[in-house]
Amino acid sequence: MEEHQFATKAIKTTQRAFENINPVTAPIYLSTTFKRNPDGSYNDGFVYTRADNPNRRILEQSLAELEGGADAFAFSSGMAAVSALFQSLSPTDHILLPDDIYFNIYLLVDEVFSRWGLTYTLVDMTDLNALKAAFRPNTRLVWLETPSNPQLKITDIAEVATIAHDQGALIVVDNTWPTPVLQRPFDLGADIVMHSTTKYFGGHSDVLGGCIILRQESAYTDRVAKVQVFSGAVPSPFDCWLISRGIQTMHLRVHAQSNSAAELASFLSQHPRIEKVNYPGLSDHAGYEIARRQMPNGAGGMLSILVKGDGERALQVSNRLNVFTTATSLGGVESLVEHRKSIEGPSSQTPDNLLRISVGLEDIGDLIEDWDQALRL
Ligand SMILES: *Cc1c(COP(=O)(O)O)cnc(C)c1O
């Protein structure tokens, strides 16, 4: 065989795509580019993977259906999704953010988007009078995160949606923690849902992703679509495949994690070495009644606690845990514990003795026993 023949054969023999076979699970389409038909058309509209890819389309259609929205857009991380939402606003717009918003979103607005003219006000969203007073003529968007991170404050989505709509603003709910399994923002009047799919959707702490889902089509949909494709912060086909795979078991995982979190919260709330447990499923939580209405099937797999003592004592307790891993992030099959103040830095308002807990799928008896032994000393 001539060398030039080898080179051509090496390409041509491995280029084959099977057609009309019926795989039971979706294949991964890594191809960045798709063949054009002689008449100029592209099958199913796939041209180039930044614009669209079969794995991304599968994921986006699934996300839209699960959340009950008209359109979904997938991104390479939760923060890329958040950025796309803000980039779809205009530079002179004003937005309202919860005072305990996911810390990195605050940093993004304060340090990046502020420089482009976007203005913001931090509001305690559980205080509806404070919320009403914070609107300006150019307020375009109200951001909600409920339960919030890391204090697990509960906001009434329906009430905030009514107020926002009266003022001509859109309401966005970061639904990462409850997931559509436990909370349905569109049924409560939200216009947009955002997720870090890195968490419960992926579910195995092995893929980053984010998405925006819009309840109905609007001019805003078009702007988000353009930011997604023109800026290109899109997830890879493999990432989309992993998240789609996670979706198949998400409802089972989330229910199990929520049930275990409720049991652990109840145990810790009675422990003499714990100052406070923040879990909206406990009847003494300030948002308990709203959470029961808004999250009727469970208060979620996340909680935070204040350990009696200072920050050093909290770190000491978390270091003694064996089943729980000390790491950031949440929503995976493994239980994690994190000292939030150290990760958020000196400007954070988070109490120094706060530990945030993401409950995984380990045996609940083992999880409780782990805290029992760590708190004993
Ligand atoms: C993790 C998280 C984000 C950011 O998502 P990334 O995938 O890390 O970019 C945003 N909001 C909430 C509530 C989160 O937990």
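These legends go with a handful of close-up views of one predicted model.

**View 1. Helix H2 and its buried residues.** H2 runs for 14 residues and covers 20 Å from its first C-alpha to its last, close to the 20 Å expected at 1.5 Å a residue. Its buried residues are a mixed bag: Pro54, Asn55, Arg56, Leu59, Glu60, Leu63, Ala64 and Glu67. They pack against quite a list of neighbours, namely strand S1 (71-75), helix H7 (179-182), S6, S7, helix H8 (219-231) and H9. An α-helix has 3.6 residues a turn, so residues three or four places apart point the same way.

**View 2. The two ends of H2.** Look at the start of the helix and you'll find Asn53, with a side-chain oxygen that comes within 2.8 Å of the backbone nitrogen of Asn55. Asn55 itself is among the buried residues of H2. Then jump to the other end: just after H2 sits Gly68, where phi is positive at about 80°.

**View 3. Helix H13, residues 364-376.** This helix has 13 residues, and its first and last C-alpha atoms are 18 Å apart, close to the 18 Å expected at 1.5 Å a residue. Asp363 caps the N-terminal end, with a side-chain oxygen 2.9 Å from the backbone nitrogen of Gly365. The buried residues of H13 are Ile364, Leu367, Ile368, Asp370, Trp371, Gln373, Ala374 and Leu375. Their packing partners include helix H9 (237-269) and helix H11 (311-320). Strands join in too: S8 (274-278), S9 (302-307), S11 (336-339) and S12 (354-358) also pack against the buried residues of H13.

**View 4. Glu145, a buried acid in strand S4.** Glu145 is found in strand S4, and it counts as buried because its relative accessible area is 6%, under the 20% cut-off. So what does Glu145 touch, leaving out residues up to four places away in sequence? The answer is Pro98, Ile101, Tyr102, Lys153, Thr155 and Asp174. Zoom in on the polar atoms of the Glu145 side chain: one lies 2.7 Å from the backbone nitrogen of Tyr102. The backbone nitrogen of Asn149 lies 3.3 Å from a polar atom of that Glu145 side chain as well. For a sense of scale, the C-alpha atoms of Glu145 and Glu334 are separated by 23 Å, with these positions 189 residues apart along the chain.

**View 5. Cis peptide bonds in the loop between S4 and H6.** Thr146 and Pro147 are joined by a cis peptide bond, with omega at about -5°. Pro147 lies in the loop that runs between strand S4 (139-145) and helix H6 (157-166). Pro150 has its place in the loop between S4 and H6 too, and the peptide bond leading to Pro150 from Asn149 is cis, with omega near 5°.

**View 6. Positive phi at Asn20 and Ser205.** Neither residue here is a glycine, but phi is positive at about 55° for Asn20 and near 55° for Ser205. Asn20 is in the loop between H1 and H2, where it counts as exposed at 78% relative accessibility. Ser205 belongs to the loop between strand S6 (192-196) and strand S7 (210-214), and is partly exposed, with 44% relative accessible area.

**View 7. A nonpolar patch on the surface.** Ile28, Leu30 and Phe238 make up this patch, which has about 280 Å² of accessible area for the three together. Leu30 comes from the loop between helix H1 (3-12) and helix H2 (54-67). It counts as exposed because its relative accessible area is 59%, over the 50% cut-off.

Note on methods: Residues are numbered from 1 along each chain as its sequence is written. This is a predicted model: local features need pLDDT of at least 70, side-chain atom pairs count only at pLDDT 80 or more; totals for chains, interfaces and linings use all residues. Side-chain values use heavy atoms; hydrogens and water are left out. Helices (H or I, at least four residues) and strands (E, at least two) are DSSP runs, numbered from the N terminus. The expected span of a helix is 1.5 Å times one less than its number of residues. Buried means under 20% relative accessible area, exposed over 50%, partly exposed in between (1.4 Å probe, protein chains only). Contact means heavy atoms within 4.5 Å. A polar contact is a pair of N or O atoms within 3.5 Å; within protein, one must be able to donate a hydrogen and the other to accept it, and residues adjacent in sequence count only if both atoms are side-chain atoms. Patches are made of residues with over 30% relative accessible area and no salt bridge: like charges are joined within 9 Å, nonpolar side chains (Val, Leu, Ile, Met, Phe, Trp, Tyr) within 5 Å. Accessible areas come from the Shrake-Rupley method with a 1.4 Å probe; for residues, only the protein chains shown count as cover. A salt bridge is a side-chain nitrogen of Lys or Arg within 4 Å of a carboxyl oxygen of Asp or Glu.
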